[in-house]
Amino acid sequence: MSLTLTVDGPRWRAHLEAIADAHPGLVPVAKGNGYGFTLGRLARKAQWLAERGHDVRTLAVGTYDELPEVVQRWHGDLLVLTPWRPWVTHPEPAVAKRLIHTVSRLADLRDLLHRDPSARIVLERMTSMRRHGMAARELWEAGDLLRKHPGARVEGLALHLPLGQGTHLGEVTRLVNDFVGAEIPTRGTPQVWVSHLTDAELATLRGRYGDFAVRPRIGTGLWLGDRGALRVTATVLDVHPVERGEAFGYRGRTAPKSGHVLVVSGGTAHGIGLEAPTGEQSIKARAATLARGGLDAVGFVRSPYSIDAKLRLFAEPPHMQASMLFLPHGARVPEVGEEVDVRVRYTATTFDRILVEG
C-alpha cells in the first residue's frame, strides 16, 4: 500500500564498489533526501565501503543540519558542503574534531579561526558556476591570514564546477595554480576536492598535479549510477468504472470518455507531481515541455505511473498520499493490490518503504 523503492542489493553494491575502485580518495555525498535512500542509509553504506577496504575516508553532507543523521552511522571525517557562516552552531567536541568546514569568504575565515583556532577547513574558490567561493585576491589574503594561525588545519582547495558545458580542465588548472600561488599552508599533502569532473579529467588532473591528492566528491553517479538496480512501484488501491461526463475527484472533474479511474499510492507528500526545473535546453526537451503544457491546458497531465509500459494520465492533480489516474476504455485494468511502475526523480522523492533484496 506504499510507494516503494526496491533495490537489487547485489547489483547495487557491486556498482558502489566499482565506483569506489575507479575513484581513489572518493568522497561520497549524502545530502538532501539522501537521493531517495535517506541520509542514514547512505552513511551506513559509505561506512560499508570503508570497511571493505576502499579509499573512502570522508563523507560529505550538504548542510550542518544534516550532521545528526549521519554522525553515528559513519565513523570517518565529515565535510559540510555549504560554506560556514557566523550563525552556525559550533558542534560538540567529539564531532568538531571530525568536521571539515567549507570556507568561501575571507570574513568567515577570520571569524571561524577566532572561534576555533584549530578548525579543519577547505577553502572554496569561486568557479564559473558563480555560487560560492573566494576570488584570487581573497585567496592570497587567506594565505596571509592562515600563516598567522599555525593551529588551523587546511585540508585543501574545494571546487564546485557546473554540469557539462565541455571540459573543465582549463578552469581547474587556473584555479589550482591560484591556490599554489597563494602559498596556502596545508598540513600534509594538499588536496583538491572537486565535483563534476569526468574520469578522464580526474586522471589528467592527477597527472598534472602529482603533489596534490585529488578527492572526487560524487553523489548521483555513486548512489544512482546504475538505474537498472532500482525499481519504484506503487500499489493500486481502488478501481472505479466511469462513463463519459461522470464526475469524480476533489474538483468534480468529469470523465472525458468512458473508462476507469484508478486510485494508486503516492502523492504530493512523496514528491509525486512536484516537478523541479530540469535546466535541459535541447530542442527535444523544449518540444516536450511545450507538449506537456498543451496537455495541461486541456486538463490532461501525463503522470509518472506506468501501466503495461505506457505512462498514464492523471485524472486530477495528485492528492497528498494518493493519486487518481484515468484509463480509457479498452486498456487493461489492473487489479486492486497490483503493483505498477513509477518513474520518479529520486532526489525529489520520499519513499514509504525501501526494500533491499539480496
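I take contact to mean heavy atoms within 4.5 Å. The model I am working from is predicted.

**Entry: Ala158**

I looked up Ala158 and found it in strand β7, which runs over residues 153-160. Its relative accessibility is 1%. The cut-off for buried is under 20%, so Ala158 counts as buried. I then listed what Ala158 touches, leaving aside its neighbours within four places in sequence: Val122, Leu123, Glu124, Arg125, Trp193 and Arg217. I also checked Ala158 against Gly170, 12 residues apart from it along the chain; their C-alpha atoms are separated by 16 Å.

**Entry: Thr58**

Trp193 turned up again when I went through the contacts of Thr58. Leaving aside neighbours within four places in sequence, I noted Leu26, Val27, Pro28, Trp74, Asp77, Leu78, Leu79, Ile100, Trp193 and Arg215 as the contacts of Thr58. Thr58 belongs to strand β3, residues 58-61. Is Thr58 buried or exposed? Thr58 counts as buried, because its relative accessibility is 2%. For Leu79, one of the contacts, I also took the C-alpha distance to Thr58: 6.7 Å in space, with the two positions 21 residues apart in sequence.

**Entry: charges over rings**

Arg215 and Trp193 both touch Thr58, and I checked how these two stand to each other. Arg215 lies over the face of Trp193, at 4.5 Å from the ring centre. I logged another arrangement of this kind: Lys45 lies over the face of Trp48, at 5.1 Å from the ring centre.

**Entry: aromatic pairs**

A pair of aromatic rings is described by the distance of the centres and the angle of the planes. With a limit of 6.5 Å between ring centres, I get 6 aromatic pairs. One of them is Tyr305 with Phe314, at 6.4 Å centre to centre and 80 degrees between the planes. Planes over 60 degrees apart count as edge-to-face, and I filed the pair of Tyr305 and Phe314 as such. Both Tyr305 and Phe314 are buried.

Tyr346 and Phe351 also form an aromatic pair, with 6.2 Å centre to centre and 50 degrees between the planes. I entered the pair of Tyr346 and Phe351 as tilted. Tyr346 is buried, and Phe351 is buried too. I also noted one aromatic cluster made of Trp12, Phe37 and Trp223.

**Entry: Val236**

Where does Val236 sit? I find Val236 in strand β10, residues 230-242. Val236 is buried because its relative accessibility is 0%. Not counting residues up to four places away in sequence, I list Val263, Val264, Pro334, Glu335, Val336, Gly337, Glu338 and Val340 as touching Val236. I then took the C-alpha distance from Val236 to Ser265, 29 residues apart along the chain, and got 6.6 Å.

**Entry: positive phi**

Most residues other than glycine have a negative phi, and most peptide bonds are trans. I looked up two residues against that background.

Glu183 is not a glycine, yet I read a positive phi of about 50 degrees for it. I place Glu183 in the loop between α7 (169-181) and β8 (191-195). The relative accessible area of Glu183 is 57%, and the cut-off for exposed is over 50%, so Glu183 is exposed.

His196 has a positive phi as well, near 65 degrees, and is likewise a residue other than glycine. I find His196 in the loop between β8 and α8 (199-208). How does His196 count at 35% relative accessibility? His196 counts as partly exposed, because 35% falls between the limits of 20% and 50%.

**Entry: the chain as a whole**

I closed with values for the protein chain. I count 10 helices and 18 strands in it. Along its principal axes, the C-alpha trace spans about 80 × 40 × 40 Å. Of the 358 residues, 49% count as buried. The exposed area comes to about 17,500 Å², and carbon and sulfur atoms supply 52% of that.

For contacts with a separation of 6 or more, I find that residues 24 or more positions apart account for 67%. I also compared where the charges lie: the chain has 45 positive and 39 negative charges, and their mean positions are 3 Å apart.

Note on methods. Residues are numbered from 1 along each chain as its sequence is written. This is a predicted model: local features need pLDDT of at least 70, side-chain atom pairs count only at pLDDT 80 or more; totals for chains, interfaces and linings use all residues. Side-chain values use heavy atoms; hydrogens and water are left out. Rings of Phe, Tyr and Trp (its six-membered ring) pair if their centres lie within 6.5 Å; planes under 30 degrees apart count as stacked, over 60 as edge-to-face and the rest as tilted. Buried means under 20% relative accessible area, exposed over 50%, partly exposed in between (1.4 Å probe, protein chains only). A charge sits over a ring if NZ of Lys or CZ of Arg is within 6 Å of the ring centre and within 35 degrees of the ring normal. Helices (H or I, at least four residues) and strands (E, at least two) are DSSP runs, numbered from the N terminus. Accessible areas come from the Shrake-Rupley method with a 1.4 Å probe; for residues, only the protein chains shown count as cover. Lys and Arg count as positive and Asp and Glu as negative; His and the chain ends are not counted. The place of a charge is taken as NZ of Lys, CZ of Arg, CG of Asp or CD of Glu.
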